[in-house]
Amino acid sequence: MPIPTFLLAAALLALTCFHATAASDPSLLQDFCVVDKMSKVRINGFPCKDAKDVVADEFFFSGLHLAGNTSNKQGFAVTPVNVAQIAGLNTMGISLVRIDYAPYGLNPPHTHPRATEILTVLEGSLYVGFVTSNPDNKLFTKVLNKGDVFVFPEGLIHFQFNYGTNSAVAHAALSSQNPGVIAVANTVFGSKPSISDDILARAFQVDKQNIDRIQAQF
């Protein structure tokens with residue numbers, strides 16, 4: 001007997017909702033779930049402390065007005081505000097960062113495996129971009145000025161570059177309490193133990209001496 005159209009539509013909607021939910025942080029089943037830092041339980045996320053023991057400071061962070069230290073090789077600094085800094089963000093599915101860029105500072109190509117990012121420029125100008133997945137590997141770029149906003153889709157490699165002679169500052173919100181970050185160069189060339197230079201030489205189609213020189217930087 002054929003399946004009624006409305007039942008088929010309902011099944012497809014349920015399947016779509018399941019996949020959408022599975023791809024994001026867990027949803028709240030109560031007003032909040034402040035991290036219980038004393039618990040030894042390990043779950044996908046963090047266990048909740050008793051609501052009667054929760055205080056306002058567990059939903060609070062101070063410090064985004066302070067510039068990060070950009071005196072490093074890349075000339076950038078990230079100040080995170082995720083569940084590690086605000087215990088009350090647990091299960092909320094959101095976090096925030098401040099990013100400081102020295103003149104010609106670069107937030108190098110990286111991905112957030114668990115979050116989409118929306119970035120707002122507060123000071124200066126940035127050249128930003130992301131690359132789509134295989135097989136297209138299409139590059140989308142934009143020059144952003146103060147007040148401009150740009151979105152980096154979840155899991156895609158992206159970057160920000162301060163091409164100006166003045167410092168730049170941005171805030172970014174991410175759709176996970178703990179979005180994670182995978183810096184491409186650090187991951188590939190700075191893994192411990194190192195990925196074989198034979199493998200990397202073949203992957204990047206260069207000789208092993210070049211790979212060894214790059215790995216020495218990490």
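Contact is taken here to mean heavy atoms within 4.5 Å. The structure described is a predicted model, and the account begins with a pair of helices before turning to the strands.

On that criterion, helix H3 meets helix H4 through Asp-197, Asp-198, Leu-200, Ala-201 and Phe-204, which face Lys-208, Ile-211, Asp-212 and Gln-215 of H4. Sorted by class, the residues in this contact comprise four nonpolar, one polar and four charged. Helix H3 covers residues 197-204 and helix H4 covers residues 208-215; their axes come within 9 Å and cross at roughly 110°. Angles of 65 to 115 degrees count as roughly perpendicular, and H3 and H4 are therefore roughly perpendicular to each other.

The strands are considered next, sheet by sheet. One open sheet contains five strands in the order E1-E2-E9-E4-E7, paired in the antiparallel sense. Its edges are occupied by strand E1 (76-81) and strand E7 (149-152); each has a single partner strand, so one side of each is left without a neighbour in the sheet. From one strand to the next, the twist averages 20°. Within this sheet, E4 and strand E9 (residues 168-174) are joined by six bridges in an antiparallel arrangement. Leu-119 is placed opposite Ala-172 of E9.

A further open sheet is built from five strands, ordered E6-E5-E8-E3-E10, and its pairing is likewise antiparallel. Strand E6 and strand E10 (182-183) form the edges, each pairing on one side only. Strand E5 (residues 126-131) is linked to strand E6 (residues 139-144) by six bridges, with the two strands antiparallel. Strand E5 also pairs with strand E8 (residues 157-161), again in the antiparallel sense, through five bridges. Val-131 illustrates both pairings: this residue stands opposite Leu-139 in E6 and opposite Ile-157 in E8. Strand E8 pairs in turn with strand E3 (residues 106-111), where three bridges connect the antiparallel strands. Here Leu-106 has Phe-161 of E8 as its bridge partner.

Annotated positions were then placed on the model. In an unreviewed UniProt entry, the annotation "binding site" covers His-110, His-112, Glu-117 and His-158. These residues span 49 residues in sequence, yet no two of their C-alpha atoms are more than 11.9 Å apart, so they gather at one spot. Among the annotated residues, His-110, His-112 and Glu-117 are included in the lining of the largest pocket. Glu-117 belongs to strand E4, which covers residues 117-123; E4 is a member of the sheet ordered E1-E2-E9-E4-E7.

Several loops carry notable backbone geometry. The peptide bond from Asn-134 to Pro-135 adopts the cis form, with omega near 5°, and Pro-135 is situated in the loop between E5 and E6. This loop therefore connects strands that pair over six bridges in the antiparallel sense. A second cis peptide bond joins Lys-192 and Pro-193, where omega is about -5°. Pro-193 lies in the loop between helix H2 (184-189) and H3. At Thr-91, phi is near 70°, a positive value in a residue other than glycine. Thr-91 is located in the loop between E1 and strand E2 (95-101).

Key. Residues are numbered from 1 along each chain as its sequence is written. This is a predicted model: local features need pLDDT of at least 70, side-chain atom pairs count only at pLDDT 80 or more; totals for chains, interfaces and linings use all residues. Side-chain values use heavy atoms; hydrogens and water are left out. Axes are lines fitted to C-alpha atoms, for helices over the stretch in contact, and angles run from 0 to 180 degrees between N-to-C directions. Helices (H or I, at least four residues) and strands (E, at least two) are DSSP runs, numbered from the N terminus. Angles under 35 degrees count as roughly parallel, over 145 as roughly antiparallel, 65 to 115 as roughly perpendicular and the rest as oblique. Ala, Val, Leu, Ile, Met, Phe, Trp, Tyr, Cys and Pro count as nonpolar, Asp, Glu, Lys and Arg as charged, and the others, Gly among them, as polar. Two strands pair if DSSP finds at least two bridges between them. UniProt positions are given in the numbering used here, feature names are shortened, and annotations may be inferred rather than shown by experiment. On a 1 Å grid over the protein atoms alone, a cavity is a set of points where a 1.4 Å probe fits but cannot get out, and a pocket is an open set with protein on both sides within 12 Å along at least five of seven lines; lining residues have an atom within 4 Å of a point.
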